[in-house]
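Thanks for making time, everyone. Let me put the structure up, and then I'll walk you through what I think is worth a look.

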Amino acid sequence: MSAPLNIGFLPLTDAAPLIAAVDFGFAQAEGLAITLHRDVSWANLRDRLMVGQYDAAHMLAPLALAASLGVGQAKCPLRAPFLLNLNGNGITLSKRLLEDFAAIGCDPLTDWMTAARGLADVVRARQATGASRLTLATVHLFSAHTYLLRRFLRVGGLDPDGDVELVVAPPPFMVDFMDRGLIDGFCVGSPWNSLAVDRGRGVLVALGCEVLADVPEKVLAMPAQGRLTRDGEGVALLRALGQACVFVADPANRADLTQAMSRPDRLDCPAEVIARTLSGRLALDQHRALRERADFIRFAGPGLHRPDGCAPWIVEQMVEAGQISDRAGTLEAAETVFAADLALAAGL
Amino acid sequence: MLGRSKGDTGPAFHIPRAWQAPMESSLKVLLVDESPIRAAIIEDGLREGGFSHVVRLSSTDMLVRRINEIDPDVVLIDLANPQRDSLEQMFQVSRLVRRPITMFVDESDADQTRAAVEAGVSAYIVNGLHKDRVKNIVDMCVTRFHVFARLAEELAETKTALADRKTIDRAKALLMKTRAIGEEEAYAMMRRAAMNQKARLGDIARAIITASEIC
């Protein structure tokens, strides 16, 4: 066995395939030794890939492209040969904002569309009284979270660039920022919505998969000129991850998996909360019924891991959000970043 | 010329001559660091280099809000801070609406980038400042991050040694009492056990104390 692969991740539910590959023997079965490194920011994962500290990393799919292009950051050519999952996000609004909803006679927990339209009415009402703009947070500029939140706002009839202020905050700080009145809502991944709901700080008004189905979420990213794109190890890693994803998606393994994921060096979060996000049965607030969606977060399915299909959607979102202007050039670059060759070689 | 402070301990804190140009004092440096001690060490280094406008922020502030008020020329942030993504978003937005921003980290500075990431620090240049001028700041940071890491390691070792010393004394007293032997003999006994078991003396001492508590 050669030197261990160093793989970085952030403590999120969709790190599950990486954790399962290591803790349940899928990597070992492919002759791979992996050391997982828990990190604190996407910027760190990107930089550590760039300087070679990590051989691969858990990465927001749009960020893999933005980093490769050097949009809004140092240029770091990456490949994203494996899509880890679809969906898994949610939009949470602060308890304080519920008073504004009550004032206009809207219950944002009715369904996501009602929440989107209600939020627009709340914003209009605030504009009429000269109140300050609402501030909504996502986890990264180049993320499905940003694009879903923008869509949610547009569906309600709001201009994401003018009617609200969009900021980026780290998920572990979201609830604190909400308590301090710095932000009024956020779009984050699992398990952070559930943790905010459990602590009674916010209400979950929309599941990502309701706002848009089958959104490409995280990829496995690797340096374009790294160890894994050069030889057979990359293909072996993708096979191991494919197996791990099947394991993650099977409810029969949930107790063992969530136990492993809850450890302090993994997600450091109660196993029950992780299990809830994996099962797609989400509590919307502390008192009321669950909302249930089998596709809340998807790790397995025919062709799911092939990354090439997500390129056009991501490029389109980047254009819509004003992050890039050269659509054709970006699409061409995206075809390289999200090339399917390794996935096909791995039989995915 | 800048004087060197009394506590300065030699070549590790060498200040490049290029820093000593008087114009450096006009630059505003924002330092975001989890560790107040390390932040103080870095700030000290910046001041020695002639950067008198240093603003320190702790990690729990909402950086996006504060950074516009502070309006820095250079931002230094430790990698343990989860707000790097927020910072980069702010830069991206400002790049579009306000003024040019360069990330220090890029391909042209591969070696220094690696050194900075390994030391645990990241730098951003806000005012389209010439990179060479900021290079010195980053070099100093990298050096001082390493110095801090070494100090932290030494402190941890000292703490362990101190704890071991107390434990060893207690175990020695226990042996002297239960076996009616002298101090030197008790100590020799523990050392022999440590050598035979390839264990640390402190661990043997802890085992003796634990055993006496059970028996």
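So, the contact between the chains: 24 residues of chain A touch 22 residues of chain B, where a contact is two residues whose C-beta atoms, placed from the backbone, lie within 7 Å. On the chain A side, the elements that give two or more residues are helix H3 (42-50), strand E7 (164-168) and helix H8 (171-179). H3(A) brings the largest share, five residues. By class, that side of chain A has 15 nonpolar, six polar and three charged residues; here Ala, Val, Leu, Ile, Met, Phe, Trp, Tyr, Cys and Pro are nonpolar, Asp, Glu, Lys and Arg are charged, and the others, Gly among them, are polar.

Some housekeeping. This is a predicted model, where local features need pLDDT of at least 70, side-chain atom pairs count only at pLDDT 80 or more, and totals for chains, interfaces and linings use all residues. Residues are numbered from 1 along each chain as its sequence is written, while chains are lettered from A and ligands numbered from 1 in the order in which they are written. Helices (H or I, at least four residues) and strands (E, at least two) are DSSP runs numbered from the N terminus.

Now the sheets in chain A. One is an open sheet of six strands, ordered E2-E1-E3-E10-E4-E13, with mixed pairing; strands pair if DSSP finds at least two bridges between them. Strand E2 (34-38) and strand E13 (297-298) of chain A are the edges, with a single partner strand each, so each has one side without a neighbour in the sheet. Inside that sheet, strand E4 (residues 78-87) and strand E10 (residues 216-223) of chain A pair antiparallel over six bridges, and A:Phe82 sits opposite A:Leu220 in E10(A).

Stay on E4 for a second, since A:Asn87 is in that strand. A:Asn87 is not a glycine, yet its phi is positive, about 65 degrees. Is A:Asn87 buried or exposed? A:Asn87 is buried, with 28 other C-beta atoms within 10 Å. The cut-offs are 20 or more other C-beta atoms within 10 Å for buried, 12 or fewer for exposed, and partly exposed in between.

The other open sheet I want to show has five strands in the order E7-E6-E8-E5-E9 of chain A, again with mixed pairing. E7 and strand E9 (202-207) of chain A are at its edges, each with a single partner strand, so one side of each has no neighbour in the sheet. On average, neighbouring strands there are turned by 25 degrees against each other, direction ignored. Strand E5 (residues 89-94) of chain A runs antiparallel to E9(A), with five bridges joining them, and A:Leu93 is opposite A:Val203 in E9(A).

Two helices lie across strands of that sheet. H5(A) crosses E5, strand E8 (185-189) and E9 of chain A, at about 75 degrees to E5(A). H6(A) lies across strand E6 (134-138), E7 and E9 of chain A, at about 120 degrees to E9(A). Axes here are lines fitted to C-alpha atoms, for helices over the stretch in contact, with angles from 0 to 180 degrees between N-to-C directions.

And how do those helices meet each other? The axes of helix H5 (residues 95-103) and helix H6 (residues 112-129) of chain A come within 9 Å and cross at roughly 85 degrees. That makes H5(A) roughly perpendicular to H6(A), a label that covers 65 to 115 degrees, with under 35 roughly parallel, over 145 roughly antiparallel and the rest oblique. A:Leu97, A:Asp100 and A:Phe101 in H5(A) meet A:Gly118, A:Val122 and A:Ala125 in H6(A).

One backbone oddity: A:Ser190 and A:Pro191 are joined by a cis peptide bond, omega about 0 degrees. A:Pro191 is in the loop between E8 and H9 of chain A.

Last, chain B, which has seven helices and five strands. From the N terminus, its elements go β-α-β-α-β-α-β-α-β-α-α-α. Of its 215 residues, 31% count as buried. B:Lys198, in the loop between helix H6 (183-196) and helix H7 (201-214) of chain B, also has a positive phi, near 50 degrees. With 6 C-beta neighbours inside 10 Å, B:Lys198 counts as exposed.

That's my tour; over to you.
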